[in-house]
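Open the model in the viewer and keep the sequence panel visible. The stops below are given in the order to select them.

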Amino acid sequence: MSAQDITLPSPVLSASAIELMGSGLERVFKRVPFAACDKAWPQDDGTRRTVFVMNAGGMGNDN
């Protein structure tokens, strides 16, 4: 988790192709075991970012 507030100097914002994403209370990541990547791609609906992890519990484990 990140902090509630961040400080970004204006030169950083104007000189970089920075993209800020916020999730509020929603979960934005869908953790998927690396071994299940062939099953995860067809299920991606674009609403959450799929993150492949090593030694994850089961398919769709959102922890």
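Where is the place of Arg48? Select Arg48: the residue sits in the loop between H2 and S2, where helices (H or I, at least four residues) and strands (E, at least two) are DSSP runs, numbered from the N terminus. Residue numbers start from 1 along each chain as its sequence is written, and side-chain values use heavy atoms, with hydrogens and water left out. The model is predicted: local features need pLDDT of at least 70, side-chain atom pairs count only at pLDDT 80 or more, and totals for chains, interfaces and linings use all residues.

Arg48 counts as partly exposed because its relative accessibility is 27%; buried means under 20% relative accessible area, exposed over 50%, and partly exposed in between (1.4 Å probe, protein chains only). Now add Val28 to the selection. Arg48 and Val28 are 20 residues apart along the chain, and their C-alpha atoms are separated by 4.8 Å.

Stay in the loop between H2 and S2 and pick Asp44, which also lies there. Asp44 is partly exposed, at 38% relative accessibility. From Asp44 to Lys30 the C-alpha distance is 9.4 Å, with their positions 14 residues apart in sequence.

Next, select the strands. S1 (residues 29-33) and S2 (residues 49-53) pair in the parallel sense over five bridges; pairing requires that DSSP finds at least two bridges between two strands. Between S1 and S2 the chain passes through helix H2 (residues 37-43), and this β-α-β crossover is right-handed. Right-handed means that, with the strands pointing away from the viewer, the path from the first strand over the helix to the second runs clockwise. Two residues to label are Lys30, which stands opposite Thr50 in S2, and Arg31, whose bridge partner in S2 is Val51.

Move to helix H1 (residues 10-15) and pick Leu13. Leu13 is partly exposed, as its relative accessible area is 41%. Extend the selection to Ile6, Leu8, Val12 and Ile18: together with Leu13 they make a nonpolar surface patch of about 390 Å². Such a patch takes residues with over 30% relative accessible area and no salt bridge, joining nonpolar side chains (Val, Leu, Ile, Met, Phe, Trp, Tyr) within 5 Å and like charges within 9 Å. A salt bridge is a side-chain nitrogen of Lys or Arg within 4 Å of a carboxyl oxygen of Asp or Glu.

Finally, select everything. The protein has two helices and two strands, in the pattern α-β-α-β along the sequence. Of its 63 residues, 11% are buried. The protein exposes about 5500 Å², 54% of it supplied by carbon and sulfur atoms; accessible areas come from the Shrake-Rupley method with a 1.4 Å probe, and for residues only the protein chains shown count as cover.
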